[in-house]
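Me: I would like to work through a structure by question and answer, with the reasoning spelled out before each result. Here is the entry I have in mind.

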Amino acid sequence: MKLEVKDLTKIYHSQNGDVTAIDHVNLQVEESEFVMIVGPSGCGKTTLINMIGGLDEATSGQVILDGKEIEGPGPDRGMVFQGYSLFPWLTVLKNVEFGMKMRKVPAEERTRKAMEYIKLVGLEGFENALPKQLSGGMKQRVAIARTLANEPEMLLMDEPFGALDAQTRVVMQELLAKISRETRTTILFITHDIDEAVLLGDRIYVMSRRPGTIREVITSSLPAERNHNCFVLPQFLETKKKIMDMLWQESQDAALDR
Amino acid sequence: MKNSKIIKCQNKAAKRLRVEQSLSLCCFMLIILAWCVLTFGGMVSEIFLPSPLQVIQRLIEMHLDGSLWLSCWESTKRVMVGWIWSVVIALPCGMLMASSRKFSAFVQPIIEFARYLPVVALVPLTLLYMGIDESQKYMIIFLGTFFQLVLMVCDTASGVDKNMINAAKTLGAGKFQIYKEVIFPASLPGLMDDFRMTIGWAWTYLVVAEMVAANNGLGYMILRSQRYLATDTIFAGLIMIGLIGLVTDWIFRSLSYLVAPWQERLKGK
Ligand SMILES: Nc1ncnc2c1ncn2[C@@H]1O[C@H](COP(=O)(O)OP(=O)(O)OP(=O)(O)O)[C@@H](O)[C@H]1O
Ligand SMILES: [Mg+2]
């Protein structure tokens, strides 16, 4: 097992009372697995992934990576955020080299490796461009290359394609599916887009509304190669319907609570 | 086809720039015109407002006896040395404040307290502690800018996108690396603005710095002229300070484009 989250709970303390963002979340991710977490907006997805990334402290519970409890952020868990969070003063190449530079990888090697990953995400010829010269989709490619080039044990992605238009999003999803197949990197991916969850996930965790808990786990029955053709497969539609029903039920409950 | 379009765009930008520059020039012209009308028209006594000619004459005189450039140099030196000290200390201090709550809690009260103290009121103390040599003058400039600058640097550094810092953390950057590779470069454009503001203030403290025990400098020149009602010298001094300010400002503006060409700017400047 690559990653194990045990009874993770987060309570935010604010002036107008305590907010339980997530409540006793348990999940497992196997080596080389592509795991999706889907849940309604505000259910604590970002909170969860930030704690796995070590950027935020849990109120209780544990995050265990390769059998060891994590402490703080580290290069073993590469994160891709919803905002691209590139360094605007660095060129594409320097952005991708950033992590290796921090770890004091020799200049030559890091350029070579960075170029490899720039090629992988299809940005050859843009290595000397500045982020401001790129489109949203290209920026997100850089962000993915930057994280991959650091060769993390696993990838944590928080709605990385949320800001992209529908077409670009599908292109990026296919790219990520390809990367996952080729590099065998373990990926934990968060989204509120059901299509995205079903298309990419080997397994899909469905979260309840706030306070976020795991409601169900679904194992995908899609073929290994994921691309836009999957959107019309009967298995795809079946899984999608199942998740939609669950999330619909959640919103019904939410309406009743009020 | 594409090229001609680009050239057209450049022409447009150049044209707008020309219009802006001529507007700036117009403003100066208008002021000088008003000045001419007031003085040559005999509307005000020349003790209050000397004519442009008198001031120019005075400037030429001072240029010839060398006192003009000496004053400019001495004053610029004082302003620069005092201000550079304040930058050198305020920069790390402000950066540290931005990211360490403990350090911030430790120094914030004293800085908030000190920045409301009028610098003029500190002159006697600086004289007592530092005597009447140059260091006292640097000290005045330093005191006038330091406390504001620390807070400005802290503000600028705190404004750095949290996501960018988080990204650096998850890429394996250590604490010091985050300062050096993320917070500092990200705040550079903001810092240049802070520097530009404070060096302007530094000039406003010049007269205070040269109030006591100075025998040269533009501030001293102005103070002494007051005694002899030499209004033309006062104006000459003011004009020089203004011009130096203008040049400094221009240098900083260009510098901020130079050090951060990556910035996305709203206006197509
Ligand atoms: N720093 C904080 N202080 C107080 N409450 C917070 C804080 N951060 C998040 N919350 C609360 O925790 C809950 C979960 O937030 P979170 O950002 O994890 O949701 P999310 O599932 O990522 O939502 P979205 O899909 O909109 O991104 C929200 O109700 C939010 O109000
Ligand atoms: Mg979120």
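Me: Does A:E151 count as buried, partly exposed or exposed, and what is the relative accessibility behind that label?
Reply: The model is a predicted one, and the label follows from computed accessible area, where buried means under 20% and exposed over 50%. A:E151 sits in the loop between helix 4 (136-149) and strand 7 of chain A. Because its value falls between the two limits, A:E151 counts as partly exposed, at 47% relative accessibility.

Me: Which side chain does A:E151 meet in a salt bridge, and how many residues apart are the two?
Reply: The partner is A:K113, with an N to O distance of 3.5 Å. A:K113 belongs to helix 3 (residues 107-120) of chain A, and it is buried, with a relative accessible area of 17%. The pair therefore brings a buried lysine together with a partly exposed glutamate, and it links parts of the chain that are 38 residues apart.

Me: What parts of chain A does the salt bridge between A:K2 and A:D66 tie together, and how many residues apart are they in sequence?
Reply: The two side chains meet at 3.1 Å, N to O. A:K2 lies in the segment before strand 1 (3-14) of chain A, whereas A:D66 lies in the loop between strand 4 (60-65) and strand 5 (68-69) of chain A. A:K2 is buried at 3% relative accessible area, while A:D66 is partly exposed at 39%. The parts so tied together are 64 residues apart in sequence.

Me: Which strands stand at the edges of the six-stranded sheet in chain A?
Reply: The sheet is open and mixed in its pairing, with the strand order 6-7-8-3-9-10. An edge strand has a single partner, so one side of it is left without a neighbour in the sheet. Four bridges join one of these edge strands, strand 6, to strand 7 (residues 154-158), and the two run parallel. The edge strands are strand 6 (77-80) and strand 10 (214-219) of chain A.

Me: Which helix contributes the largest share of the nonpolar surface patch on chain B?
Reply: The patch covers about 890 Å² and includes B:F28, B:L243 and B:W250. B:W250 is exposed, with a relative accessible area of 59%, and it is found in helix 11 of chain B. The largest share, eight residues, comes from helix 11 (residues 231-259) of chain B.

Note on methods
Residues numbered from 1 in each chain as written. Chains lettered and ligands numbered in written order. Predicted model: local features only at pLDDT ≥ 70, side-chain atom pairs only at ≥ 80, totals over all residues. Heavy atoms only, no water. Patch = residues over 30% accessible without salt bridge, like charges linked within 9 Å, V, L, I, M, F, W, Y side chains within 5 Å. Areas by Shrake-Rupley, 256 points an atom, 1.4 Å probe, with all protein chains shown as cover. Salt bridge = Lys/Arg side-chain N within 4 Å of Asp/Glu carboxyl O. Buried < 20%, exposed > 50% of the residue type's maximum accessible area, 1.4 Å probe, protein only. Pairing = 2+ DSSP bridges.
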